[in-house]
Amino acid sequence: MSVLTVTGLTKRFGGLLAVSDVTFALGSGEFLALIGPNGAGKTTCFNMLNGYIRPDSGTVALEGRTITGMPPRAVWRLGVGRTFQITQTFASMTVAENVQMALISHHRRTLSMFARATRLYRAEADALLDRVGMLQHAERGANTLAYGDLKRLELAVALAHRPKVLLMDEPTAGMAPAERTALMALTGEIVASEGVSVLFTEHDMDVVFAHAHRILVLNRGELIAEGTGPEIRANRTVQDVYLGGGTLMSSTPPQPGATP
Ligand SMILES: Nc1ncnc2c1ncn2[C@@H]1O[C@H](COP(=O)(O)OP(=O)(O)OP(=O)(O)O)[C@@H](O)[C@H]1O
């Protein structure tokens, strides 16, 4: 069953057709990659899915309900989450407090003089930190974390909102190769165990072919291919247009529901 259904999504910036008639579906519990060269339209596509950019035409539906044109906060509330970088304000808080703040926001509680953030949702925060392997760092300041651990914290914060769909825009950017693999393996486990559906963009093809269940390829705003890793590797259009005729990686992608 599809969680997110995208139909004919189109966006122009002046004379530039940034996203052109893009149609695809994100299945329940699917780990779907959106790849393409620089300027292919990946970010624009994402921003139309989460409400940051209004499409010129086309629709986005979450579990059958049209969400096109809704403001980002409404889309977020309905269950289309995304990972955010921990900003400076949040960096001065502890790891646990970052997740607690996200839980407070999710449960729509307002902090008052009488409600100390240090107590609210601590058990739930700890469970999420445990899920991403960060429980032992709960009391540390977020600004003291290694980059890979910060990414795990960002994942826990995103999960605190209990998303049905999680959008991850270049989740492994700036990470060392070993950290990339660890983060994507963890995300794959969460996809399998929690049933969250993930759509991610990624420039590292090793990461894409090792972890994605299925791959969408954008080029100049158009969806030029869609399929499993082996199908994408064998696709001549992808090879010619996107990879300049080069060969792709030989690793085998996991099947939906499998733990990478
Ligand atoms: N706000 C904007 N105004 C004008 N042009 C834009 C705007 N945002 C994106 N574009 C253009 O739209 C095209 C698609 O950009 P987009 O950022 O979506 O691509 P991308 O695939 O995410 O690229 P990258 O991999 O480099 O992040 C590019 O040509 C870009 O210059």
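The paragraphs below describe the strands, the helix packing and the ligand surroundings of a predicted model.

Near the start of the chain, strand β1 (residues 2-13) runs antiparallel to β2, and eight bridges join the two strands. One of the bridge pairs links Leu 9 to Val 22 in β2. β1 and β2 form a hairpin, with two residues lying between the strands. Gly 14, in the turn of this hairpin, has a positive phi of about 60°. β1 also pairs with strand β4 (residues 57-62), again in the antiparallel sense, over five bridges. Here Thr 5 has Ala 61 in β4 as its bridge partner. In a regular strand, side chains alternate between the two faces of the sheet.

A further set of strands makes an open sheet of six, in the order β6-β7-β8-β3-β9-β10, and the pairing within this sheet is mixed. The edges are formed by β6 (80-82) and β10 (222-227), each of which pairs on one side only. From one strand to the next, the twist averages 20°. At one end of the order, strand β9 (residues 214-219) and β10 pair in the antiparallel sense over five bridges. Ile 215 has Gly 227 in β10 as its bridge partner. Helix α1 packs on the sheet and touches five of its strands: β3 (31-35), β6, β7 (165-169), β8 (197-201) and β9. The direction of α1 makes about 150° with that of β7.

Helix α1 (42-49) also takes part in the surroundings of the ligand, where α1 and β2 (16-27) each supply at least two residues of the shell. The most is given by α1, which contributes three residues. The residues around the ligand are Phe 13, Leu 16, Ala 18, Gly 36, Asn 38, Gly 39, Ala 40, Gly 41, Lys 42, Thr 43 and Thr 44. Divided by class, this shell has four nonpolar, six polar and one charged residues.

Two pairs of helices were examined for packing. In the first pair, the axes of helix α4 (residues 95-106) and helix α5 (residues 122-131) come within 9 Å and cross at roughly 115°. This angle makes α4 roughly perpendicular to α5, because angles of 65 to 115 degrees are placed in that class. The crossing of α4 with α5 is right-handed. On the α4 side, the contact involves Val 95, Ala 96, Val 99, Gln 100 and Leu 103, which meet Arg 122, Glu 124, Ala 125, Asp 126, Leu 128 and Leu 129 in α5. By class, the contact of α4 with α5 has seven nonpolar, one polar and three charged residues.

In the second pair, helix α6 (residues 147-159) and helix α7 (residues 177-194) pack with their axes 10 Å apart, at an angle of about 20°. The angle makes α6 roughly parallel to α7, because angles under 35 degrees count as such. The crossing of α6 and α7 is right-handed. In this contact, Gly 148, Lys 151, Arg 152 and Leu 155 of α6 meet Glu 179, Ala 182, Leu 183 and Thr 187 of α7. The residues of the contact of α6 with α7 comprise three nonpolar, two polar and three charged.

Notes. Residues are numbered from 1 along each chain as its sequence is written. This is a predicted model: local features need pLDDT of at least 70, side-chain atom pairs count only at pLDDT 80 or more; totals for chains, interfaces and linings use all residues. A residue is near a molecule or strand if its C-beta atom, placed from the backbone, lies within 6 Å of it. Helices (H or I, at least four residues) and strands (E, at least two) are DSSP runs, numbered from the N terminus. Ala, Val, Leu, Ile, Met, Phe, Trp, Tyr, Cys and Pro count as nonpolar, Asp, Glu, Lys and Arg as charged, and the others, Gly among them, as polar. Axes are lines fitted to C-alpha atoms, for helices over the stretch in contact, and angles run from 0 to 180 degrees between N-to-C directions. Angles under 35 degrees count as roughly parallel, over 145 as roughly antiparallel, 65 to 115 as roughly perpendicular and the rest as oblique. A crossing is left-handed if the near helix is turned anticlockwise from the far one by less than a right angle, and right-handed if clockwise. Two residues are in contact if their C-beta atoms, placed from the backbone, lie within 7 Å. Two strands pair if DSSP finds at least two bridges between them.
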